[in-house]
Every structure is written in structure tokens, then in C-alpha cells.
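Please open the model in a viewer and keep a selection tool at hand. The tour below proceeds from the whole chain to individual residues.

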Amino acid sequence: MAPRKKYGSSSSSKKSNQNHQQSQPSKFGIQHFFDRHTQNVALSASQNAKTPQPLQTSVPKNPSQSTPPSSLTAIPAATFVEFGNEENPIEVSPPHVSKSVPFKRFKFSPGMLIKQSQDDGGDEITWKISPVNERLQAVSKHLPEMMRALADASKLNSLNFHKCSQKQALLELLDQVEDVIAVEESVTNDLEANLSISQGDKNNTISVEADTAPKTLAKFPPQRFNRRSSEHNLLVLEVYEKHKTGDSSSDLSPFKVIRLLNEQCGEEQTLHLHDEWFNSIIGPGDTIHVIGEFDEQGKCVVDHDNNLVIVVPDILVSGTRVAASFSCPRRTVLDERLKCSEHSTAALIGTLLHQIFQAGLLKELPTKGFLEEYARIVLQKNVESLYACGVKEKDMLIILIEAIPRIMNWLISFRHSEKTGLPTVAFGSNGGEKKVTISEIIDIEEMAWAPRYGLKGMIDASVRVKIDSETSGAEEKIMPLEFKTGKGTTGQSAMEHCAQVILYTLLMSERYLEHIDSGLLYYLHTDQTQGVLVRRSDLVGLIMRRNELTKDILKASTTQQLPPMLQNPNMCKSCRHLSACTIYHKAHGGNTESSGLGDVFDTHVKHLSGTHFGFLKKWDRLIDLEAKEMQAANRKIWRSLGLRSEHSSGLSSVILDASDKLFPTNCPKDGRYLYRFVRQDLPNCDQETDNGQILNAVSSPIKNLDCTLRSGDHVILSTEAGHVAVANGVITDISRFHVSVSFPRRLRLPGNKSSLEMGDLLQEVWRIDKDEFTTSFAIMRFNLIQLFVQSAEASRLRKMIVDIEAPRFDSAGIFSQDPAISYVRSEKNLNKDQRKAIQKILTAKDYALILGMPGTGKTSTMVHAVKALLMRGASILLTSYTNSAVDNLLIKLKAQGIDFVRIGRYEAVHEEVRGHCFSATGTCSVEEIKLRLDQVNIVAVTCLGITHPLLANRRFDVCIMDEAGQITLPVSLGPLMFASVFVLVGDHYQLPPLVQSTEARENGMGISLFCRLSEAHPQAISALQCQYRMNAGIMELSNALIYGNRLRCGSPKIANAKLQFLCAKPSIPWLKEVLDPNKPVIFINTDMLPALEAKDQKTVNNPKEAYIVAEITDELVNKGIAEEDIGIITPYNSQANLIRRVVCATSVEIHTIDKYQGRDKDCILVSFVRSSDNPRACKSSLLGDWQRINVSLTRAKKKLIMVGSCKTVSNVPLLKLLIEKVDEQSGIFCISQKDFHQSGKLKRCSQQMHVL
Ligand code: SF4
């Protein structure tokens, strides 16, 4: 008998095993092939697995020579119904916790509370409390009971919990968790709307699955609705190893047992991982998805032949990434994390050829002439990319034209084979040769997301294929067709392509709700077509690779640690991430030796100090913290949990507007399709309310589309019935009643025939979600790493931003004959502060900071600064975070006759400046672009738009960034890289950058670059202190509270401005006093009523305050104040919504404080909302944010009316001071019950509160 192998029998062996698992590829199928080609064979752990099957290793010279896999195992989910093998007894009985602990229906997960972090190579496991998050808040009531149960379970299973040597520490932490839960839940900010997993969500999900059974879902294979199949994600509670004890020594393979919690129903389940799955890296706290069925005992076995496990399925990894990750997982993780602005000619050729090929596919009878003409169209469409790559149209056209005969031949042969006879494609030794013809092009560039497999992809073409073979006869199948234009057609490239096609079959199976087992690969370079037949062994290898990659991505996002360096100089030297890779390696403790790159490594890192690495690591982590927060909301898109929930990043329950006669409208400019959506419950005509009033379109609570989407946002369209990511598009127009989205192609539900689509589309209920978070964070990380690369620009910025070196100013310039200086001195429209500010900009050698206090004419100052810089012939990059801020400035420049180029999505740009977008100027050649860019000195773009091809290789003398106080540091860095000198314009006394993650905010992400440099070098600041907005009384408040009396009124007219009532209609007494024009500031104290705040789960509002605000607004309008001159501000979304529903005046702007920055009105009403006996709640609320309070106090020009509870808000020191100042100035008005009539409006306030 052969000696028994010991698994994990000693500490050292455990360590070795763990190390092994981190980098060890599995031993089967396609992964086995890569193992042989690219991985270190020494790392193989062959003892665990069954004998791998040989796999096709190269693409044949012609299709008939291909040698595909010898076996084909169809793997629809329906076939994964084989349960664990019980024949062989195991050494230790599995710890069925459910036997020891009474069955509990938990409505939450312990994963939200505890996490395992396991250092590479060590066998120590540490337990942590995860950040107190929304899930914790949602479950606080049940948590202690749950945690006690888990603790009990752990005790009962102590023998089997052998990997966790620190159980005591865990139990102590569990106690701490209970303490954490005792912390009072407080309503903190507007972001509460983002919070996830509410009971309501769960209810919705249940109804989606069990009750409503929408027609699209009904098409899913039945096993998707089997209660025992793991349709939901499962939380890993515990992982341990066991050994089979069979009769033969060869059957001693270890397997893993995973205890799982089904968070939906609270049931415990057990998963056994055999064969290659034993190597899966799964730990407590992970979320997994099992494609397979659990038996009555709640057990499922995943092995070489049965079922699949998807680790962290919420992370959708692209099929291309999975396929590419075999050669260097580190590079793939970097691809995922960094968005480079590289423009490669080879990639562009590929893109253009794809477009031509796809046009040929779609054309009924393509001809060579058609394709050549289309090549010219494609060149035209991509002219900006040609410019970025420095390629002339004629050179590119030659390349494209050369390829057209091959494309044409392929199209004739596969699409119109009646002329040539059916082509033969080899599907490998198992699939054999088959006659293939493409009978239908179902879609091109099809976006497919498969949350079930944690995968996504963009399929070149989805085709219906007629197949005829000797073995299986004639059949018709749907399959992916991938078009490859590169020279890599054999070896590793070929296997990556096969891998990609195999993964796309999974995506299409999900999308088309049918089993898809093969695909086609067409290599343009060799003019060969290969059939790819999915084998179970290949699929297992790919899913395991996907799982490992996902864990790598997750690890990088939580610890910033990347997979180890490849130590392969040949490959690394030509890697696009060489700089970033080496810098990260050094930052995380690596050295020359561990890099394996010798001097090459040193060259890339030797210029960096410990401070630099510290800065990089800190900000990398902050970006990840913020990304995690944002992505959590985004992931709800593809979780069935979220399908019917309203959330802050999108809209749900919208339908196509059937009354839109133009639907869908083809946009002539870019050939896109425009669709208009409205609320599902949109009534056909005005509705009558209970009290007989007609609710017009504006005041109807049903009709309003209150959401955070904006024109120009990239969005994902899904159906509420379960089709995730049907299409992606861009919002072109959004109002309170409709949203228009443009899509690159006609909308089509997956699987639908085009003839049916219109009716089906109109019946669907849709949701629209924002889709730009991932790219934004990748740009931020890229900006950050660029600060540390070896280049002159990076070195200069690093000194200023990281090393905080003092900026230099050229004082001699002031006395020169510089025309710019002369202009500034002579310009009559500038005040003293503004002149100084422009002089500061003109003399800056590194950077200047312009502190624009409220109403001080910041934008006009910038316009004059731009004019002065233009007089010097300087080139200028104008930027800001938002499109509206960029366009505000541009509109003013346009009014002055100043020329500029606006880079950005046409739909997102203000219509007044759209004429300056390249797409609107009719610029149609590379030469014209060059000429135009050479001719114009000003280019404007948002901070995140800097990856645009028109900015490739472009440098500017100066970069001016508006709203710099509100932009996070990593976002700011991008545009600054393009210029020699930068100017930041902002006010760090107003709103800081919006940071969603509390942890990121507390660790400094809310500190803008403007704030960082202002605090380090006050001498670099030039302040605009002379304001033209507020009258003296209003200004006095923020002067006393925030600005230390530095603000001044620009003129006596401004200082003495008062509200002028056109109508002398007598007011009821309390309103007469409140509206007295001689009292520019008034605080209405509600304590005598009282007007207590109302909490409804996660929202807070105050109906009585809403009523008071509505009464005052009506009175202002009655007295002749234009609705457009009145603004209402409140810190809370819920209160803004409530007020919107009760204020009759439709043109009054009602927003939260955050949305009011940059706006002003003659009269502003502020509703503070908070009114309770609990001072702590108020202190920790938004009212404690002095920057927000400053914004709300500085929006009014002539009258500021505040409504709130003095008793409650006085708990915030700044607001206490505010009340004292108002009292000194005008007195506090105490409203009492006698003033407060129970009018119909109050009733509506209360009713509306229940609607919210
Ligand atoms: S430089 Fe080498 S180790 Fe680093 S990502 Fe590129 S290929 Fe991988």
C-alpha cells in the first residue's frame, strides 16, 4: 500500500499548502494547457486531482487540421444535478451545525460583521469587525441573537474548526459586535437613500420570483426556480478539509467542506469541493454562488464532473480579462484597476476592422464596394482616434482595404454559401468537421452580463448557425462569433481566444435562456475559421481561473496587494504596466531581487522616497474605500434583490413612452437610437386628489422622476423582470417627467425576433442605472500612479503635491511691459481683489490658488484671467469636475467672442457651447483636427474626460480648474499633468469633495488638493473678498460664523438690497413679520408648536416645517415675488421631496444644500428639519457640517428665512452662534399654535410624508 499523503498535517506543510494555493493553477482542461505554457510546473499540485485530459494546444493551419478536445461534456445548469458520492466513508463526520443549533431563519448575514484576513503564506487567521455599514444598521434588532447562534455553532464545531486557532479572539469580537450594534442608529446624510438590503427589498425579490413570474423569467430553465438549487448567493461560514477513506490508497484525496448560510431563507447548507475544486481559495466571509442543486440535507458536491462554484459572483469579470490572466494575473488586475489613456495603432486597426466586419455581417448582400465605402465611413467616425495615434487616413485606409477581400470571402462563404457550397469548420477531434452556415445575425457587439457566473462581456456577433455533420445530422444553434485581427493565431494567443469564446457561450446561455455549447473564431490574419466546442474540463479550468482572478481583484481592492510579479524580464520589459507594476511592488515592500527585473526595476523606482510610497499607498487605499462604497450600490443592478428597489443611482419602474410617436428616434448625427421613458404609473391626465384639488403634472407625487441621473450620464438599461444590462446608453435629456436615452443600436430583448420587439419593449418595465463608477476610479488610480513615474512632469508635480514644496512666483513680471499685466491694470470691470488674483495667476511659476468666497465674481475673474493669458499667447486647459461648471465658464467666454474647443459627450454639453464640440464642427480629417487644435488656445474638458483622444500628446501652458475645493485629489491630478502651471479656483469653506465612504472621508479623502495646498502655503492664495450677492445683513452671518469679517459688499446698492413686493395685499400677522423687507434675516423658531421631526426608516423630514415653508412661499408669490427668485434649501432629500409635493409654485427651486452650491436667489428659505429631544442625533447630523451650513447661508441676495427648532439646532455650536447673531440682528420669530392653522396644506404635508 502506498504511503498515505498528509495534507496540512503540520504547520509547515499547511503554510506550504497555502502558499501553493495562492498561485497554483488547477490541473484541468484549458488551464492545464496554460499551466504547461506559462506557469511554473514546480508549483503544480498534481496529487489532488484526477488525471487531466489532454487539450488542444494550437490552432491548426487550416480548419480541417484542428485537433480540438477529445471529449465534449455539455454543461447546462440542468445537468449539474449530481450529488456527492457517499460510497466512501470519511474520517470525521461533517459538523452539521443545523443539528446542534435549532433552526433559525436569519434575516441577515454574519459576513457583514466579521471578516477573515489571511496573510499570504501564514496559517494565522485573524478576525475583524467589518466597518459598521448599512447592512449592520438594517439588522440591528436581530443581530445579538444571530451572533450568539454563530458563536454557539463555532463552539460546537471546535474540533473541526482547526484552521481558526483564534476562536477566543473571534468570540471576543463577536461581543464587540454586539456593542457596536447598541450604538444608536442615527440619520446621517442624504446618502441614506443608498443603503441596501431592506426588508422591502427582500419582499420585492420574493414577489419577483414566486408571485409575478414575468414572462421573460418564465423562459428560464426550470431548475432556476428550484428551491433547493442555490439561486441565491451564499455566505461562507467555515471551511475545513477532510479526507476520504476508501479501499484503495489512490482514493485518499482530500476535499473541502464549506458551511454556508443562505441569507435569503436563513438555512445552513454544506458544500463539498472535490478534485480540482479542492484548490479553490474560499474563506469565511466570502460570498459564493453554486450552480448545482443541494439535496434534502442541504448538501451539494462540486467535483470534476458535476456543478460549479462561483466565488464572489457580485464581481463581474470580463471574459477577455479571464482569458488574458493566464499569462500574468498581476497584469490583468492592473488592467482592471487602471485606465490608461494610451492610444495604440494596433488596437485601433482591430477596432476599425471589427466595425467593417460587423457592417458586412449586418448587410443583406454585402459587396466589396460596400465594405470599401464602409471603411471610409469608419475612418471618418474614428478620426479622433486616428489623430491620437498619429496615423493618416490614407495609410489606415490602405490597411483596411487590404483586409476587405478576405472579409468578403468569409461573408460569402458563411453567409451566402449557396454560391460556394457550405464551408467546413473543424470543432476538434470530438466535435469533428461540420458544415456551417450562418442563418441569422442576431446581434453585434452584444453586451452580456451573467451575474450567475460572475462574468460579463461584449460579444462580437451573436449568430444563429445551421450545422450539418455526419455524426449528429442537421441542427440549428445560437453561438458567439469572435473576430480576431491580430497576428497571434496560435499557441497562447489561440488558447486565450478559445477561452474567451467558451466564456461567451456561458454569457449567451444566460442571455438567451438556452444551452449554448459551441462558438466560432474567425482569424482574419490567416483567413481561417475554427469551431470551439465547450468541454466541461475547459469550463472548469476557466471558472476556477475566473474565481482566482476575482479573489485577486478583491484582494487588491481591500489590501492594495497585487498578485506577485512574474519575474520574467522578457515579458515584463514590453508590458504596458511596467512602471506601475514596479512602483507598486516597491511600495508594498518588494525589492530588486523579488522583482526579478534587476536594473530595470531600479530605474523605475529609485527616484522615489518613503514619503512618496506612503502617499501612494494612502491614496490608493482611500480610492478603494470609496470605490467599494459606490460599487456596492452599483452591484444592486444585477442582484435580483435590487431589481425593484428605488435607489439613488438610478430609476426604476419606468416604461417606454408609448405616446412618443417618434419612438425610437434615430439621431442623425451619430446614428444612435433615442428612446423616451416615463414613470410606469404615469396617469394619462391630471389627477384629482382627496380634497378635490387637481394635482397638476408638477405637483403630482407620482409623476416626478426624482433621481440623481443627469443629462450625459452613461447608464445601463435592465428590465425589472430580470434581464440585466439589456443595453448601455447615454442620457440625452431628463426632466421631472421623462428621461431620454440614446443607444448605439435599436433596443431588443435578448432572444426576441426583431418583428416582435416593439410590442414586447412597450410591455416591459425598465430600470435605468448609472454606469460610470468603475471607470472613474480606474482613472483616479491611474492619475495617482502617474504622479510617481519617472518623468519630468511627474517629478515637478510630485514636488508640489507630495513634498509640498512652496510655489514660486515671478515678482519681476508685475513691472514688465507684459500686455497681460497692462490689461489687468486697465480693465475697469475688475475690482482690487480680482486684479490681484489675476496678477497672482500671471506671475505663478508653479501654481496659484484663487479663493472665491460666495458671490465674489469668481467666474468673471476667470474670464479676465483667460483673456490676460491669451494676450501672452498661452495655451490653456479649462477644467472642472462637472460639465455644468465647465460650460458656465465657456458660456461667458463665448459671450466675449473667445474661441475654444469643448471636449466631451455632445449630449452632456450645454447647448450654448455644443457648437464648439468637434462632433458639431464638421471637422472630418486628421489634418483638420490638427489645424483646429493648433489654431485654438483654449481646450475645455471635465476632469474625468482627460482620457479623450483629442488630448493625446497635448500640453498646455496653464491649467485652470474651477470648483477645485470640491474635487478629490486623485481626480484633480489628471488635468494637472497636462500643464506647466496650474490654477485652482475654489472655496474650501464651502462644500468639500463629496465622499460617500465614511472611512475614506475620515482618513482624508474629503481634503481637496485646493485645501491641502491652501493650508500648506497660504501665500499662494489670492482671495476674492468683495461680494456682489448678499445684502449686508445676510453677509454678516457668514462673516461672523465662517469668514472672520473678510467679506465685503461690492457696493452700497448690494448692501442695502431689499425684497420689493409688487402687491400690498395684507398678510396674516405672523407672515407680515416674517416677510418684513427691513429684516433681511429671520429665524422662525418652532419650539412653541412644537414641530418635531419625523423618522421613517432611513429618512427624516419635518411636515410642520414643510407646511411653514409652503405658506411663506405662497405668500411671497402672492405678493409679487417671481417664483424663479425664490429658493428652498434643506439638508435632507426627504424634506426636499416633501416640500416639493406641497409647494404649489412650480418654478421655485427646491434642493438639498449640496445641489445649491453655485446658485443664488433673491429670497431663500432654509428648513433645518431636525427637532427632537436628543441633542446627539442633531450634532452628528448634517447640521454639524459647517461647510454645508455656510453654503445654505450664502445663497440669498435679499432675504434669508430660516425655519427650525432653536432648542435642537442650538446643540450644534455653529448654529447656536447663528441663532445668537440673528437674534442680535432681527430677533427670532417664535411661531406658536395660534399662528399655525390646521389648513388643508398641513394635511397634505402629513399625507405626503406617508407617500415618501
Ligand atoms: S511588468 Fe511583468 S509582472 Fe508586472 S504586470 Fe507586467 S508582465 Fe506582469
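Two strands are said to pair if DSSP finds at least two bridges between them. By that rule, β37 and β39 (residues 1161-1167) are paired in the parallel sense, with four bridges. The model is a predicted one, and the tour returns to this pair after a general view.

**The whole protein**

Begin with everything displayed and coloured by secondary structure. The protein contains 45 helices and 41 strands. Of its 1252 residues, 58% are buried. Among contacts with a separation of 6 or more, 73% are between residues 24 or more positions apart. The accessible surface amounts to about 49,000 Å², and carbon and sulfur atoms hold 50% of that area.

**Strand β37 and its two partners**

Select residues 1126-1130, which form strand β37. Why is this strand described as largely enclosed by the rest of the structure? Five of the five residues of β37 are buried, and buried means under 20% relative accessible area.

Now show the side chains of β37. In a regular strand the side chains alternate between the two faces of the sheet. Here I1126, I1128 and T1130 point one way, while G1127 and I1129 point the other way, and all are buried.

Add β39 to the selection. The bridge partner of I1126 in that strand is C1163. Next add residues 1149-1152, strand β38, which runs parallel to β37 and is joined to β37 by four bridges. In β38, the residue opposite I1129 is H1151.

**A sheet of seven strands**

Move on to the open sheet whose strands follow the order β27-β28-β26-β29-β30-β25-β31, with parallel pairing. Its edge strands are β27 (901-902) and β31 (1021-1024), each of which pairs on one side only.

Within this sheet, select residues 847-852 for β25 and residues 979-986 for β30. These two strands pair in the parallel sense through five bridges. A convenient place to centre the view is A848, which stands opposite V983 in β30.

**The loop that precedes β27**

From the edge strand β27, step back to I898, located in the loop between α29 (883-895) and β27. Is I898 buried or exposed? At 11% relative accessibility, I898 counts as buried.

To see its surroundings, display K867, L870, L893 and I938, which I898 touches when residues up to four places away in sequence are left aside. A distance label can be placed between the C-alpha atoms of I898 and V936: they are 9.6 Å apart in space, with their positions 38 residues apart in sequence.

**An internal cavity**

Turn next to the enclosed spaces. The count comes to six cavities of 30 Å³ or more, and the stop here is the second largest, with a volume of about 110 Å³. Which residues line the second largest cavity? Select C328, R330, R331, L334, M565, L566, M571, C572, C575, H577, L578 and C581.

Three helices, α10 (329-337), α18 (569-573) and α19 (578-587), each supply at least two residues of this lining. The largest share, three residues, comes from α10. Colouring the lining of the second largest cavity by residue class gives nine nonpolar residues, one polar and two charged.

**Backbone stops**

The last selections concern backbone geometry. Most residues other than glycine have a negative phi, and most peptide bonds are trans.

- Select L1089 and P1090: the peptide bond that joins them is cis, with omega about -15 degrees. P1090 belongs to the loop between β34 (1081-1085) and β35 (1094-1096).
- Select E445, in strand β11 (residues 433-450). Its phi is near 45 degrees, a positive value in a residue other than glycine. E445 is partly exposed, with a relative accessible area of 25%.
- Select I804, found in the loop between α25 (792-801) and α26 (819-826). I804 is not a glycine, yet its phi is positive, at about 55 degrees. With a relative accessible area of 23%, I804 is partly exposed.

Note on methods: Residues numbered from 1 in each chain as written. Predicted model: local features only at pLDDT ≥ 70, side-chain atom pairs only at ≥ 80, totals over all residues. Heavy atoms only, no water. Buried < 20%, exposed > 50% of the residue type's maximum accessible area, 1.4 Å probe, protein only. Contact = heavy atoms within 4.5 Å. Areas by Shrake-Rupley, 256 points an atom, 1.4 Å probe, with all protein chains shown as cover. 1 Å grid on protein atoms, 1.4 Å probe; cavity = no way out; pocket = protein on both sides within 12 Å on 5 of 7 lines; lining within 4 Å. Points joined across faces, edges and corners; volume = space filled by probe spheres on them. Nonpolar A, V, L, I, M, F, W, Y, C, P; charged D, E, K, R; others polar.
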